[in-house]
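Reader: I have a structure open and not much idea where to begin. Can we go through the helices first and then the odd spots?

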Amino acid sequence: MNWLRSLLMPAPGSAYASEVDDLFLLILAISAFFFLLIAGSLSYFVWRYRRRRPDEITPHISHNFKLEVAWAVIPLIIVVILFFLGFNSYMNARIGPGEALEIQVRGKRWVWEFEYPDGMRTVNEIYIPVNRPVRFIMTSEDVIHSFYVPSFRVKMDVLPNRYTSLWFHPVEEGVHTMLCAEYCGRGHSDMLARIHVVSEEKYREWQEQGDVRLGSMPLAELGRLLYDSHGCATCHSLDGSRREGPSLKGIFGATHAMRDGSSVVVDENYLRESILEPQARIVAGYEAIMPTYQGLLRERELAALIEFIKTQK
Ligand code: CUA
């Protein structure tokens, strides 16, 4: 069965993933069996009882008591068994262990923001230690999103004005993709995050120093990386085309008309303000929908983004 499992589903990354897969495969097998049985006997009967002569009359058959009881009772028993199996693994998936690393998740158009117990915040990227249960407490700042990690076999809606939660127990080191599974506007398909499952040691190292690879990267290159990973690309194009936000092409040094009638020369300070307090000044013709990145970028990362925008000529 393992080849079928790897053909149909991504490699399991959490403790209860294989339980979900087993149940799924069982239901699939039962459905396949009955599909073949019904479609097969239907085809056979069509052929076997076809009208052979023009004057042949169909015999009158009213019913068959034993057969009717059998095809009502057998499916009932199967469905009841599936219900208990499903309920059991649903409860296992819903009720987490008491001791878990708790991470706050905020969905907003169109990024995922994470906050650790110590106050550290990240965008579209998190690190979690292997072999330790993690619980996500989630809410949305605007519309309904849905937190979906296929390899962990978890999915849960993320709603405004309410908390939902889910937990999982990562069993292997690796990188997992997290998606938004509820249509939330034009940037829905860009609402991706990466979950890095790392050793306890690496996790502590990351907590202390962040991603060390980024520390020595040239500013403009780091800016490009942040532009792609922090959801900027969803609304700000690089080729001059219009999206939810102004394009970054040739923006540096240009003069922009604002909604309130004033005009602004795009310089370092204006870009900084636009990233940290996007609602402060809105370019004419655009909606004030950009979320703030206050507290989500280190000083060097801000400089990197500004540097990257400067290179977009
Ligand atoms: Cu958020 Cu779709």
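Author: Yes. Keep in mind that this is a predicted model. Helices H8 and H9 are a good start: H8 covers residues 268-276 and H9 covers residues 299-310.

Reader: At what angle do H8 and H9 pack?

Author: About 120°, and their axes are 10 Å apart. H8 and H9 are therefore oblique to each other. H8 passes H9 in a right-handed crossing.

Reader: Which residues make the contact?

Author: From H8, they are Glu-268, Leu-271, Arg-272, Ile-275 and Leu-276. H9 supplies Glu-299, Leu-302, Leu-305, Ile-306, Ile-309 and Lys-310.

Reader: And what about H6 and H9?

Author: H6, residues 219-229, packs with H9 at an angle of about 95°, with the axes 7 Å apart. H6 and H9 are therefore roughly perpendicular to each other, since angles of 65 to 115 degrees count that way.

Reader: Which residues of H6 meet H9?

Author: Leu-219, Ala-220, Leu-222, Gly-223, Arg-224, Leu-226 and Tyr-227. Their partners in H9 include Arg-300, Ala-304, Leu-305 and Phe-308.

Reader: Next pair. How do H2 and H3 cross?

Author: At roughly 160°, with axes that come within 10 Å. An angle over 145 degrees counts as roughly antiparallel, so H2 and H3 get that label. The crossing of H2 and H3 is left-handed. Among the H2 residues in the contact are Leu-23, Leu-26, Ile-27 and Phe-34, and among those of H3 are Ile-78, Leu-82 and Leu-85.

Reader: Phe-83 sits where?

Author: In H3, which runs over residues 65-94. Phe-83 also belongs to a nonpolar surface patch, together with Leu-76, Val-80, Phe-84, Phe-87, Tyr-90, Met-91 and Ile-95.

Reader: How much accessible area does the patch have?

Author: About 820 Å² for those residues together.

Reader: Change of topic. How many salt bridges are there?

Author: The structure holds 17 salt bridges. One of them joins the side chains of Arg-153 and Asp-21, at 2.6 Å from N to O.

Reader: Where do Arg-153 and Asp-21 lie in the chain?

Author: Arg-153 is in the loop between strands S6 (145-149) and S7 (154-158), and Asp-21 is in helix H2, residues 17-48. The pair is 132 residues apart and links distant parts of the chain.

Reader: Now the odd spots. Which peptide bond is cis?

Author: The bond from Arg-109 to Trp-110 is cis, with omega near -5°. Trp-110 lies in the loop between strand S1 (101-108) and strand S2 (111-115).

Reader: And Asn-124, what is its phi?

Author: Near 55°, which is a positive value in a residue other than glycine. Asn-124 is in the loop between strand S3 (121-123) and strand S4 (125-129).

Technical notes
Residues are numbered from 1 along each chain as its sequence is written. This is a predicted model: local features need pLDDT of at least 70, side-chain atom pairs count only at pLDDT 80 or more; totals for chains, interfaces and linings use all residues. Side-chain values use heavy atoms; hydrogens and water are left out. Patches are made of residues with over 30% relative accessible area and no salt bridge: like charges are joined within 9 Å, nonpolar side chains (Val, Leu, Ile, Met, Phe, Trp, Tyr) within 5 Å. Accessible areas come from the Shrake-Rupley method with a 1.4 Å probe; for residues, only the protein chains shown count as cover. A salt bridge is a side-chain nitrogen of Lys or Arg within 4 Å of a carboxyl oxygen of Asp or Glu. Helices (H or I, at least four residues) and strands (E, at least two) are DSSP runs, numbered from the N terminus. Axes are lines fitted to C-alpha atoms, for helices over the stretch in contact, and angles run from 0 to 180 degrees between N-to-C directions. Angles under 35 degrees count as roughly parallel, over 145 as roughly antiparallel, 65 to 115 as roughly perpendicular and the rest as oblique. A crossing is left-handed if the near helix is turned anticlockwise from the far one by less than a right angle, and right-handed if clockwise. Contact means heavy atoms within 4.5 Å.
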